Structure formats: C-alpha cells, structure tokens
Amino acid sequence: MAIPAYNRKDVGLTKDTVTAMVEIRATSSAAMREGLDLVAVLDVSGGMGGDKIQSVKKALQFVIMKLTSVDRLSIVTFDSTARRLTPLRSMTQAAQTDLKADVDGLAAGGGTDIKAGLELGLAVLAGRVHAESRTPNIFLMSDGQTTSGDPREVHPGEVAVYTFGFGAGTNHKLLSDLAKKSTGGTYSAVPDGTNLSAPFSQLLGGLLTVVAQDVQLTLEPNTADGDLEKMTVAPGTDYTTITDDKRGLITIKFGTLFSGEARKVAVNFTLRDSDETEEYDATLAEARHSYAGQKTRQSLEAILIVRTPNPSSPVDAGAVENRSVLAEEVRRMHADTINAASLLADDERLEEARERIADAQNAVEDIVLLDLDDGEKMVNALRAELLQLLAFMESQEIYNERGHPYALATVTSHGRQRTAARGDEGEVMCLYATPRMNAYLEQAKRFEENPKEPMPTADDDVEGEIS
C-alpha cells in the first residue's frame with residue numbers, strides 16, 4: 001500500500017476539511033498466480049443465430065486455447081432453460097479438444113432465461129471440491145431481454161460476474177446491474193457487427209494474472225485525539241463498503257487484483273476546532289490492507305495532516321500537495337458527469353445531456369496534469385471518452401443503440417477501476433488496461449483473422465514477460 005497522498009499541504013486549527021487518497025497497487029509480476037475457475041454462461045436463444053453464435057464460438061475457442069492445466073473451465077448455456085454443457089474441467093490438452101468440439105456444436109433457439117443461466121453457473125462454482133487458491137469467475141453473455149424472472153434477485157456471493165451485452169436488443173442496464181452486484185465484476189458492451197473475442201480476451205488477460213484475491217482496505221478513525229469529527233469515503237467508486245457504526249471502522253472490499261492493477265480510494269475528513277495553539281501533526285486514521293492467504297499482518301499506515309495556525313491557502317494552486325489526489329478527483333467527477341448525462345439521455349432529454357458533456361469537455365481542457373506520471377494519458381483518455389459519447393448523442397436513435405451501452409460500460413469501468421469493453425477498441429484508450437490485457441487483445445485480433453495460427457499459452461506469455 002502506497003503512502004497516503006493529500007489534497008492539501010496543511011490545515012488550520014479551526015474546523016476544516018482535508019481529503020486523503022489511499023492506493024493499493026498489485027505487483028507487476030504474474031509469475032506466481034492464482035488458478036482460474038471460469039464458467040462461461042452463454043445465451044443460445046433464437047436471437048443468437050447467424051454471425052452472433054459464430055462470434056461466441058470463436059471467442060470461446062480463443063479462451064480454451066489460452067488456458068493451461070492449472071485453470072478450469074465449465075460451459076453453461078441457456079435459452080428457455082439452462083444446461084451445463086460441460087463440468088468444470090482442468091484444461092489439459094484432452095479437455096481442450098473435448099471443449100472445442102462442444103463449442104463447435106452450439107446452436108441457437110428458444111427464449112432467454114438469464115436468471116436460470118446465472119443460477120446454474122453459480123451452482124457449478126458452489127459445487128467445487130477444491131477451491132483454495134483459486135479464483136471463481138463468471139462470463140455471462142446475452143443479446144436480449146430476459147423472459148423469465150429477475151436475474152437481479154440472484155446473489156453472486158464472492159463470485160465476480162463479468163457481463164457482456166451483445167447487440168442493440170440487449171437489456172444493457174440489467175447486465176450492468178448484474179455485474180455491479182458482484183464483487184469486482186464489470187459490464188462490457190459488444191455492439192452489432194463487432195467480435196466478442198476482444199472483450200473476452202482483455203478480461204481473460206486479467207484473470208490469468210490474478211496476484212491477490214479477497215483484497216480489502218480497512219480504515220480506522222482516530223477519535224481519541226479529538227481532531228476528527230467525521231470520516232467518509234468519497235463517492236465515485238463502486239465497491240462493497242461496510243461501516244461499523246459503533247467504531248466508525250470502514251472496510252472496502254475490492255475482490256481480486258490483477259497484475260499491474262491499482263485501486264485508489266479518496267477519503268474525506270472533517271476536523272474539529274483544535275485546542276492547540278502551535279503547529280503539530282494530527283493523526284486522523286490508520287489504514288491497513290489485507291488479502292486471502294496473507295502470511296504476515298500488514299502494518300498500519302497512518303493518515304495524518306499538519307495542523308497549523310498559518311495554513312496554506314486551499315485556493316492556491318501550490319497548496320495541492322500531491323497532484324495525484326487532484327487527478328483522482330477529476331476522474332471521479334468525470335465518471336459522475338457521464339452517468340448524469342446518460343440518465344438525461346435515457347429520459348430523452350438529449351439536448352441537456354449534450355450540454356452536460358460539453359461542459360465536461362471544457363473542464364477537461366482546463367486540467368493541467370502534465371507533470372504527473374501518466375497525467376497526459378489520463379486527460380487524453382477522458383477527453384476521448386467525452387468526444388465518443390457526444391458523437392453517440394447525435395440522435396436519440398444512435399444514443400439508444402450505441403451511447404446507452406457505451407455510457408454504462410464506461411461508468412462501470414471507472415467505478416471498478418478495471419477495464420471494460422465499449423465497442424471502441426483501438427479508438428479510445430482504457431485507463432485500466434494492463435500490459436497482459438493489451439497483449440491478449442492483439443492476440444485475439446490475429447486469431448480472428450487466422451484461427452489456425454498457433455497461440456501462445458498463458459505459461460508462454462509469462463516466460464515472454466520475464467525473459
């Protein structure tokens with residue numbers, strides 16, 4: 001866990017506020033990773049005929065080729081009912097051959113019972129005998145409206161559910177809700193005419209580099225010294241947060257961390273009037289992170305701020321002690337703006353939505369983060385997201401087909417600080433894509449062009465990264 005960064009160098013002795021950013025960053029090496037247990041839950045209803053079912057087959061063939069014997073895969077299909085096509089199998093060469101044949105035999109027909117498919121996928125994972133040091137995940141893909149029950153009633157527990165909305169007729173909001181209900185899951189948009197291999201490959205690149213699971217951040221307020229009145233987690237992130245009302249303890253659950261990923265949390269502190277008259281260090285809280293299988297207890301990291309009778313002016317640009325805090329605030333406000341604009345567009349208030357995006361574009365142009373590591377990359381990415389969404393708001397029809405799922409995937413990606421496909425690969429950069437994700441995306445593109453071309457396994461990828 002990185003040393004906390006602050007939006008101010010110091011604060012006064014009177015009642016005041018300060019924001020601290022706590023960051024957890026995963027190691028960049030995936031030489032030692034958790035085994036992957038993946039259930040692919042596939043919509044094979046009538047609307048999935050033709051090019052769609054062929055795209056599903058090709059995407060799954062890529063997944064099968066990338067897995068190794070340490071990984072296990074099960075395939076569940078659903079139309080009017082759900083069926084387990086294959087049990088959870090270790091991906092030996094023999095298993096790969098069998099599953100490729102099963103995938104080749106997929107055929108479309110019937111209704112769309114998403115709830116039954118999700119329940120069966122979770123049941124496959126719940127039935128595991130060997131689960132230690134293995135990460136349970138679901139890829140759930142659908143192209144339509146559910147025809148039976150509400151899948152949001154299903155509780156995924158600790159399973160990450162990654163959803164993929166395939167085409168214009170999809171209930172994108174439903175699939176987004178299902179991903180957000182799980183720990184760490186994201187929603188990806190797959191517009192008509194695009195390939196499923198791209199979003200599958202990028203997330204697979206993350207899942208095959210899991211370096212920690214059940215990652216949590218605990219924030220313990222210091223109420224004994226009298227400085228702290230209130231501690232809250234700033235809005236704009238989308239993780240399971242548990243607050244102990246008696247102690248004020250806040251626990252944030254991130255789920256898994258992929259190699260090279262980071263999780264940033266902004267924490268707001270409201271300070272009381274101080275009884276001191278001289279400058280001193282005020283300890284506001286202590287932070288500790290933990291993860292499954294942790295061998296040693298992590299030491300506490302103090303969150304403290306200088307209190308002084310002559311504080312730096314908060315409006316002075318030089319008062320921003322660490323510009324990474326400003327960058328994080330900008331990113332969260334950006335995601336909030338996209339969410340607000342999309343809600344206006346969903347309500348057919350398209351002109352107001354465009355105005356919100358235009359205001360955000362002006363705000364982005366005023367940001368100066370070039371002195372910050374990756375600051376220019378972040379500003380360019382935010383600028384590109386706004387430009388793309390504005391293009392999708394050219395008309396209500398275009399927004400409904402492309403803008404709505406694009407906005408949902410973008411908001412989910414920012415909320416989880418994890419990559420999500422939006423149908424614009426190669427056009428708009430993603431802030432959260434890791435090197436392995438980018439490598440797998442390029443491999444998937446080559447696979448789409450020539451499925452017979454040999455693909456390196458996940459073990460080959462690791463050897464290439466450390467050589």
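This report covers the enclosed cavities and one β-sheet of the structure above.

The model is predicted.

**The cavities**

Rolling a probe the size of a water molecule over the atoms shows where empty space is left. Here the count is three cavities of 30 Å³ or more. The table sets out the largest and the second largest.

| Cavity | Volume | Nonpolar lining residues | Polar lining residues | Charged lining residues | Top contributor |
|---|---|---|---|---|---|
| Largest | about 60 Å³ | six | two | four | α9, four residues |
| Second largest | about 40 Å³ | five | three | two | α9, three residues |

Start with the largest cavity. It holds about 60 Å³ of space. Which residues line it? One group is G167, A168 and H172. Another is A189, V190, P191 and D192. E401, R402, P405 and Y406 also belong to the lining, and R422 completes the list. By class, six of these residues are nonpolar, two are polar and four are charged.

Two elements stand out in this wall. Strand β9 (187-190) and helix α9 (396-416) each supply at least two of its residues. Helix α9 gives the most, with four.

The second largest cavity has about 40 Å³ of space. Its lining has 10 residues, and the closest to the cavity centre are E385, S413, R422, C430 and Y432. R422 is thus named for this cavity and is also in the lining of the largest cavity. Which element gives the most to the lining of the second largest cavity? Again the answer is α9, here with three residues. The lining divides into five nonpolar, three polar and two charged residues.

**The sheet**

Strand β9, met above at the largest cavity, is also part of a sheet. How many strands form this open sheet? There are six, in the order β6-β5-β4-β7-β8-β9. Their pairing is mixed. Strands β6 (82-90) and β9 are the edges, and each pairs on one side only. Neighbouring strands are turned against each other by 15° on average, with direction ignored.

One pair can be followed in detail. Strand β4 (residues 35-43) pairs with β5 (residues 72-78) in the parallel sense. Seven bridges join the two strands. In one of them, V39 has S74 of β5 as its partner.

**A helix across the sheet**

Helix α3 (residues 114-126) lies across five strands. They are β4, β5, β6, β7 (134-142) and β8 (160-166). The helix runs at about 165° to β7.

Terms used. Residues are numbered from 1 along each chain as its sequence is written. This is a predicted model: local features need pLDDT of at least 70, side-chain atom pairs count only at pLDDT 80 or more; totals for chains, interfaces and linings use all residues. Side-chain values use heavy atoms; hydrogens and water are left out. On a 1 Å grid over the protein atoms alone, a cavity is a set of points where a 1.4 Å probe fits but cannot get out, and a pocket is an open set with protein on both sides within 12 Å along at least five of seven lines; lining residues have an atom within 4 Å of a point. Grid points are joined across faces, edges and corners, and a volume is the space filled by probe spheres set on the points. Ala, Val, Leu, Ile, Met, Phe, Trp, Tyr, Cys and Pro count as nonpolar, Asp, Glu, Lys and Arg as charged, and the others, Gly among them, as polar. Two strands pair if DSSP finds at least two bridges between them. Axes are lines fitted to C-alpha atoms, for helices over the stretch in contact, and angles run from 0 to 180 degrees between N-to-C directions. Contact means heavy atoms within 4.5 Å.
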